Amino acid sequence: MQVLYWLESIRTPALDTFFSVVTHLGSETLFLAIAIIVFWCVSKKQGYYLLTAGFFGILASQFLKLVCRVPRPWVRDPGFTIVESARADATGYSFPSGHTQNAVTALGCPARSVKSWILRILCIIGIVLTAISRMYLGVHTPVDVLVSLVIGAVLVFGLYPVFEKIGDRPGLLSSVSAALMTLSTLYVIFLQVYPWPADIDAANLAEGVKNGWLLFGCSAAMLLASRIDQKYIRFDVKAPLHAQILKVILGLAIIMLIKEGAKPVLNTLFDGHIAATALRYFLMVIFAACVWPLTFPWFAKGCPMSRRAKKVLIGIGIVILSLIILAAALFWFVTRETKAAPVSTENASNPFITQLGTTMLSGHRAGGGIAPENTMMALQNCVETDAYELDIFEFDIHLTADNVPVLLHDGTLDRTSDAVAFFGEEDVKVGEKTLAELKKLNMGAKFKADDGSRPFADLTGDAVPDELRITTLDEALSYLESAGEYRYIIEVKNSGSRGEQAADILYETLCRYDALDRTVVGTFHNEVTAYIDTAYPDMLRSAGFNECIDFYLCSLLSLPVSPERFGFVALQIPTTDYVVNLGTSRVINYAHRYDIAVQYWTINDPAEMARLQSIGADAVMTDVPDAAAAVIVRP
């Protein structure tokens, strides 16, 4: 961790951007693209070499991840922060580094095969920079990276002589492919039968299972494709340069269509089973190795076609290129940072807008990162501590079968409670059980502490304390209102008529506690938003999904609009979760122009909290209010 802390100390925005770009040298997409380009345009043997080394490497790294189960650096040490943009790709356990592994094979195999020392040096530099980027971004330790470098190097140098002999011994490729498929099959079986411990991270296990099935599909396809090619196709990679470019562009476009377009279809056919992933990647490899090569004789002749066909193809190419340029420009436009200075809010009448330089501190799911989320224990933890003080409590409500609003984020009970063990089935919905039935559950059963332990996992029956049983809206407000005068952000999770019913009960409850003007109500369901506007025009609410889109488009162009266009008092939004960069001073300034507060979720990185405060954010919702208190200046 000392190395990571040193790298953290030298971070700058420019280096953050540089290493965020460099780290994509180890992405799965780039690895597959390089492998396919080599396979189609350079050498079929070298393409198989690269793919085999990559698949063996992924198999080894995924096995080690699940067997060793080493937490990510920021989990092991909560005081350490990562570059937030790297979090989305940091899936699975930490040891070893999958990105480094991919970079070693994607760049190491070509480096071992080419004769040019310049290309070799460039490939080695790319590998080293990728390894450094994983540590600089804070998602891997030096040990994670070093082991991946060793595994990759062993595969690159160990498999090279094997593939050098394939020209003289064609059956050797089938043998290697059969070995890869056998190991992939054993790995999938291992994933199903191994007695995983109770404290294993469910998301990380799911990531490992997905990758296991993915490898199974790829290895099965590679074994079948190698035999079909040897017996029937025997394609040649040679073609004029313009034909090679067209071959790659069209082929990769079809592969991406299979990868993304077939996903919803296969998921529906397989009822969401992970085997759909295996079949999808099987089809991708079969297309790349057996179907698309059937067109290679035409490309080898330089793509002969009539003059009219050439004009049509050129026209299509110009349209596609224009769309790509337009998409790239649009991507830059919506993701760029802005230099606009935050505007003073002294004249704001909205009580949820703070003075410039201050930001309200909101406990997301009542501070669910330091206590079991949305429980009375979490509420008490935030109220009774001397370490920090919240301005806003944020929580979610669902209606039970007997129409009681309870605090819970998910529609089902599996992720946070012992519902599966108690009810004997998965995916039990909140609305299917009465409050009395739900009160028997341990809502802290799945909570994981900073050290990785689950301190409340073994509590059942009468041993479950009241503060870990499901909390009703009335219980939460009764406790909080007796402790102080807080503000609230409450999200209605139900949709349709049930959502409208939840809004009715919520309105009555807020009035009873005289908290209506201190609460912002939110929902992702547009019909519930419309109902609240009609039935309870005095209920303060945040922007609905469609309203957020409308607001953002207006803010992009800084359009002057009627104040009545925005019927909400707050924007409750992420920063870059949906590609679009909403965490900018332009968005905040535009909102403040129309007396709208801007409240960001879910911000757990202290550096990001400080940045948002500096550009005028009115509130940050965080799972870790204890960490936020050291950064946030409260009004």
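The points below concern side-chain contacts and backbone geometry in this predicted model.

1. Cysteines. The model contains zero disulfides. Two cysteines may be noted for their surroundings: C382 is buried, with a relative accessible area of 3%, whereas C511 is partly exposed at 37%.

2. Aromatic pairs. The count of aromatic pairs is 33. One of them joins F190 and Y194 in a tilted arrangement, with 5.0 Å between the ring centres and 45 degrees between the planes. Y194 has a relative accessibility of 35% and is therefore classed as partly exposed. Another pair, F566 with Y590, is edge-to-face, with a centre-to-centre distance of 6.5 Å and an angle of 75 degrees between the planes. F566 belongs to the loop between α21 (545-557) and β6 (570-573) and Y590 to helix α22 (residues 585-593), so this contact ties together parts that are 24 residues apart in sequence. F566 is buried at 7% relative accessibility, and Y590 is buried at 2%.

3. Aromatic cluster. Which residues form one aromatic cluster? The members are F39, W40, Y48, F235, F287, W292, F296, W298 and F299.

4. Charges over rings. Two arginines place their charged ends over aromatic rings. The charged end of R487 sits over the ring of F352, at 5.1 Å from the ring centre. For R11 the ring is that of Y136, and the distance to its centre is 6.0 Å.

5. A buried aspartate. D623 lies in the loop between β8 (619-622) and α24 (625-628). What is the nearest side chain of opposite charge to D623, and how far away is it? It is R365, at 5.4 Å, and D623 is buried yet has no salt bridge. Since a salt bridge requires a nitrogen-oxygen distance within 4 Å, R365 at 5.4 Å from D623 does not qualify. The side chain of D623 does make a polar contact of 2.8 Å with that of H364. Histidine is not counted as a charged residue here, and the contact between D623 and H364 is accordingly listed as a polar contact.

6. Salt bridge between distant segments. The model has 19 salt bridges. One of these joins R634 and E389, whose closest N and O atoms are 4.0 Å apart. R634 is in the segment after α24 and E389 in the loop between α15 (376-383) and β2 (392-399), so that the pair links distant parts of the chain, 245 residues apart. R634 is partly exposed at 31% relative accessibility, and E389 is partly exposed at 47%.

7. Further salt bridges. R469 and D466 meet at an N to O distance of 3.8 Å. Are these partners buried or exposed? R469 is buried, with a relative accessible area of 13%, while D466 is exposed, with a value of 62%. In R611 and E608 the side chains form a salt bridge at 3.0 Å, N to O. Both residues lie in helix α23 (residues 606-614), three residues apart, or about one turn of the helix. R611 is partly exposed at 24% relative accessible area, and E608 is buried at 14%. Salt bridges with shared partners also join R365, E373, D410 and R415 into one network. R365 of this network is the residue named in point 5 as the nearest side chain of opposite charge to D623.

8. Cis peptide bond. Most residues other than glycine have a negative phi, and most peptide bonds are trans. F95 and P96 are joined by a cis peptide bond, with omega at about -10 degrees. P96 is situated in the loop between α5 (73-76) and α6 (98-113).

9. Positive phi values. Where does N403 lie? N403 is in the loop between β2 and β3 (405-407), and its phi is near 65 degrees, a positive value in a residue other than glycine. Its relative accessible area of 31% makes N403 partly exposed. S558, likewise not a glycine, has a positive phi of about 50 degrees. S558 is placed in the loop between α21 and β6, the loop that also holds F566 of point 2. At 35% relative accessibility, S558 is partly exposed.

Notes:
Residues numbered from 1 in each chain as written. Predicted model: local features only at pLDDT ≥ 70, side-chain atom pairs only at ≥ 80, totals over all residues. Heavy atoms only, no water. Disulfide = S-S within 2.5 Å. Buried < 20%, exposed > 50% of the residue type's maximum accessible area, 1.4 Å probe, protein only. Phe/Tyr/Trp six-rings, centres within 6.5 Å; stacked < 30°, edge-to-face > 60°. Helix = DSSP H or I, 4+ residues; strand = E, 2+ residues; numbered from the N terminus. Lys NZ or Arg CZ within 6 Å of the ring centre and 35° of its normal. Polar contact = N/O pair within 3.5 Å; in protein donor to acceptor, adjacent residues only side chain to side chain.
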